[in-house]
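Here are a few notes to go with the structure below. Have a look at the fold before reading on.

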Amino acid sequence: MRFLSIDNIIPGTRLAKPLYGVQGIVLLRENAELTDVILNRLKEIGYTGLYIEDEISEGIQIPDIIDEKLRLEAAYRLESIVNGNGNIAEMMPVISEIVDNIISKDNIVLNMNQLRGHHEYTYLHCVNVGILSVSIGIKLGLTRERLLNLGTAGILHDIGKKYIPLEILDKPWKLDYEEFETIKKHPTFGYEMLTDLHEIAKEAKLGVLQHHERYDGSGYPKGLKAHEISLFGRILAVADTYDAMTSDRAYRNAFLPSEAVEYLMGSGNSLYDSEIIDKFSKCITVYPIGTCVELSNGIKAIVLENYSDCILRPLVRDLQTREQIDLKNNNEYYNICIAKIIM
Ligand SMILES: [Fe+2]
């Protein structure tokens with residue numbers, strides 16, 4: 001199987017994984033035929049890509065990192081809290097299940113295609129930031145208790161947007177000065193919403209308050225610098241930026257994972273803490289399994305497996321000869337690199 005942008009899927013192709021709607025209901029079963037009508041309907045309701053089975057990706061399995069239904073449940077509960085129909089305490093068991101899910105995966109390498117979950121559902125982004133943050137926390141060696149706090153902060157980081165007018169949040173072009181000043185209040189609003197909740201740790205609340213602070217002092221709300229920003233604030237900044245960059249926005253298409261990683265690496269110790277970026281780069285894939293790439297020698301190939309200690313050089317399969325090429329371990333290929341993503 002592989003993940004393909006919905007615009008590139010040929011009618012008649014089979015779906016490789018069940019497709020869940022926002023409330024966890026199965027919309028389409030595994031192996032369903034994707035007809036023209038179905039593809040158009042999925043596009044209309046916001047799907048941007050799907051897992052499909054085709055000849056190129058034959059034999060490739062992509063395991064779930066986080067149970068898709070659990071991720072959707074967290075997002076749905078978060079939406080209920082923001083709309084005033086749910087409470088944060090009820091959310092905690094779901095958060096701890098997600099965190100334990102991540103902890104149980106040894107040496108996790110996050111496949112962002114999977115986190116995208118095909119659908120640009122706002123509240124899924126918040127859940128993604130939680131998942132990315134916990135993955136960074138694991139690389140930093142944090143205890144389970146602190147990982148739980150970190151996951152909570154990640155998932156709730158933008159909860160203060162509840163008090164920002166929708167016409168500002170959804171504005172498809174650049175905000176003016178006053179609108180931006182309003183947006184800048186959301187970390188403080190979020191912190192205030194959590195202040196009296198004893199089940200939420202202080203470090204999680206601080207993370208929410210500081211997720212837009214930047215290492216060089218250029219962030220908000222307080223313009224804190226370097227280690228004046230709490231560890232959780234510094235982690236959330238990286239996870240949030242990466243997730244935002246790799247998502248479609250009304251005014252631009254998503255950046256590729258490789259472009260977002262390059263941007264973050266280039267901003268180490270100016271906007272972000274370089275130690276956090278270093279750990280982060282070890283827990284995400286730049287070329288997710290099933291990505292079709294062109295090598296610098298012109299060979300076209302599909303990614304079969306990633307190495308967490310060498311994210312730029314995965315194991316690939318030549319599309320023509322079906323021969324496997326291990327870019328990390330095969331010495332014959334030491335001077336060959338991935339030139340671009342194709343298809
Ligand atoms: Fe935010």
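1. Of the 343 residues in the protein chain, 39% are buried, meaning that 20 or more other C-beta atoms lie within 10 Å of the residue's own (12 or fewer is exposed, in between is partly exposed, and C-beta atoms are placed from the backbone).

2. Keep in mind that this is a predicted model, where local features need pLDDT of at least 70, side-chain atom pairs count only at pLDDT 80 or more, and totals for chains, interfaces and linings use all residues. Numbering starts from 1 along each chain as its sequence is written.

3. The protein chain has 13 helices and ten strands, which are DSSP runs numbered from the N terminus (H or I, at least four residues, for helices; E, at least two, for strands). Its C-alpha atoms fill a box of roughly 60 × 45 × 40 Å along the principal axes.

4. Helix H11 (residues 231–245) and helix H12 (residues 257–266) have axes that come within 9 Å and cross at roughly 145 degrees. Axes here are lines fitted to C-alpha atoms, for helices over the stretch in contact, with angles running from 0 to 180 degrees between N-to-C directions.

5. Now for Ile336, which sits in the loop between strand E9 (324–326) and strand E10 (338–342). Is Ile336 buried or exposed? Neither, quite: Ile336 counts as partly exposed because it has 16 C-beta neighbours inside 10 Å.

6. Leaving out residues up to four places away in sequence, Ile336 touches Leu295, Ser296 and Asn297 (contact means C-beta atoms, placed from the backbone, within 7 Å). Arg313 is 23 residues from Ile336 in sequence, and their C-alpha atoms are 9.6 Å apart.

How values were computed: Two residues are in contact if their C-beta atoms, placed from the backbone, lie within 7 Å.
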